[in-house]
Amino acid sequence: MRLRCAVLLIAFLAGHAHAADDSVGKQLFTKGTTPHCAICHTLQDAGAAGQVGPSLDELKPDAERVAKAIRNGISQMPAFSDLTEQQVQAIAQYVARATGAAK
Amino acid sequence: MKSPTDPGRRRLLTSGSAALAAAGIGSVTRAVAQTPAALAAAPQAKPLPAYVSWKDAGSMIVHTPTTIETKRTAFGTSLITPADRLYIRNNLPAPDVSIVANRDAWTVAVDGVRKPRNLTVAELKTLGLDTLATVLQCSGNGRSYFPSKPSGTKWTVGAAGCVIWSGVPVRVVAEALGGVAGGMQFMTGTGGETLPAGIDPKTVIVERSVPLKAMEDALLAWEMNGEPVPHAHGGPLRLIVPGYSGVNNIKYIKRLAFTASETDAAIQRTNYRMSPPGTKGSPSFPAVWEMDAKSWINSPAPEAGPARAGWVQVTGVALGGVNAVRRVEVSLDGGKSWRDASLVGPNLGRYAWRQFVLQTQLKPGTYVMASRVTDSQGNVQVETSPDNAGGYLNSGWRSHAVTVVVA
């Protein structure tokens, strides 16, 4: 019984942590960067319908690819060097999960 | 040729051929038994986006809604690439289609001349006329063949076509406005795309500068392959810079300026630069401008399955960039030995591509087939193009070789 409670608690915490990560990433995605991601990208989960860059729903980039694009820039996309590594990771993980690239 | 402005007819043709295909296959069970590979690949095919729904879906590979290439097997051998098979690469979403409702009213601002002014398409049509065949080729065509796997659309050979344009020579327009002002070294074109709010326009605006000499043969074109330039290809008015890669041929051109320096728009300053893999583009690296001598084989195509042993016509296309095509050689052994191919079809000038054919008898086996063009100045298509961060201008014959099974 105690073991089962612990398992449930861990599962709850993990689930909670997961949700918390996504809310930070989502917030950064929609309005936390300059310019913000949603101006150029489409990502249904974030209500973003930008048309300049690739649609993330279609591209389904994994977190590493997103992080690399944010850090270094790619094609027309500038490097977002003002973001902390933690913020970059939060956006990257969120995008990867929102598009189904990561579960 | 089907009219891009007549989607109704295209739909009819498409549904007609679908019905024929269904009738020909007979039963689904049989189709599954016969073409497991084709069916397995089918779910990956993306539909054409609405703004180019008039394209021939069976001839195209849709990478993204703004990057769509012609299948190698769909070029045909009629030299000119039909509009409904021509590739699409838009750096920004196309402006609203309402801009082609009254094409003659579209206005381009001409600057950097002694008497700068705005000119409508109707006015341009009174100034002069020329017709030109050019190879339109995306700067990144062939990117997928670079070993460093650069980011960006994984184009194979189909981000290219040979197209006929009609319009007024830029040279004539400049003369009509008193000539190019002193000290100008570049011709800078600006696209009329709508820019998103909340972002520095310079980061996304489609504005390109090319060396002033490129104006000599450049056109402001309102017609493509006998019809008004389709909206998706830059209508009502597109700047055509013959011999220069696609991005320099500004769609929906709203400003044409002769300038003392290159634009500082990101698309010129940091993008479309020949910087080594792993580096960022900057003005210290060469801009992506003139295309190189390049050729490739369209048939037999590996994707068409094994070729039949016996007499085979090895065909393809060859361009000389800014020079005419003089000679094309074909190798059937991966570049160990070469034989001269014949140039076939009309010569539409130095900016058009030439078709080539090598007739040969092949026994069953596997062949690595390559082609190599020599231009009128004696430049030979390179074996390997320099790999670069953006994956631009891949013209190397070795990476463009096809491996064909003959059975």
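## A helix that spans what it should

The expected span of a helix is 1.5 Å times one less than its number of residues. This is a predicted model, and helix α5 of chain A is a handy place to try that rule. The helix runs over residues 85-98, 14 residues in total, so at 1.5 Å a residue it should span 20 Å. Its end C-alpha atoms do sit 20 Å apart, in agreement with the expected value.

Plenty of α5(A) is tucked away: A:V88, A:A90, A:I91, A:A92, A:Y94, A:V95, A:A96 and A:R97 are buried. After the helix comes A:G100, with a positive phi near 90°.

## A buried aspartate on α1(A)

Is A:D22 buried or exposed? The cut-off for buried is under 20% relative accessible area, and A:D22 comes in at 18%, so it counts as buried. It belongs to helix α1 of chain A, which covers residues 2-32.

As for its company, once neighbours within four places in sequence are set aside, A:D22 is in contact with A:Y94 and A:R97. Both of those partners turn up among the buried residues of α5(A).

## The nonpolar cores

The largest nonpolar core has 50 residues, and B:L124, B:V170, B:M187, B:L220, B:L237 and B:L239 touch the most other members. Several elements give two or more residues to this core: from chain A there is α2 (37-40), and from chain B there are β4 (107-111), α4 (121-127), α5 (170-176), β8 (186-191), β10 (219-224) and β13 (253-259). The largest share comes from α5(B), with four residues.

Another core lies apart from that one. It has 23 residues, including B:V62, B:L86, B:A159 and B:L219.

## Two cavities

How many cavities of 30 Å³ or more does a search of the whole structure find? It finds two. The largest has a volume of about 210 Å³ and is lined by 16 residues. Nearest its centre are B:R89, B:R238, B:G246, B:V247 and B:K251. The lining is a mixed bag, with seven nonpolar, five polar and four charged residues.

The second largest cavity holds about 40 Å³ of space. Its lining is made up of B:F75, B:G76, B:L79, B:I80, B:T81, B:V317, B:W353 and B:Q355. Five of these lining residues are nonpolar and three polar, with no charged ones.

Notes: Residues numbered from 1 in each chain as written. Chains lettered and ligands numbered in written order. Predicted model: local features only at pLDDT ≥ 70, side-chain atom pairs only at ≥ 80, totals over all residues. Heavy atoms only, no water. 1 Å grid on protein atoms, 1.4 Å probe; cavity = no way out; pocket = protein on both sides within 12 Å on 5 of 7 lines; lining within 4 Å. Points joined across faces, edges and corners; volume = space filled by probe spheres on them. Nonpolar A, V, L, I, M, F, W, Y, C, P; charged D, E, K, R; others polar. Buried < 20%, exposed > 50% of the residue type's maximum accessible area, 1.4 Å probe, protein only. Contact = heavy atoms within 4.5 Å. Core = buried A, V, L, I, M, F, W, Y, C linked by side-chain atoms within 4.5 Å.
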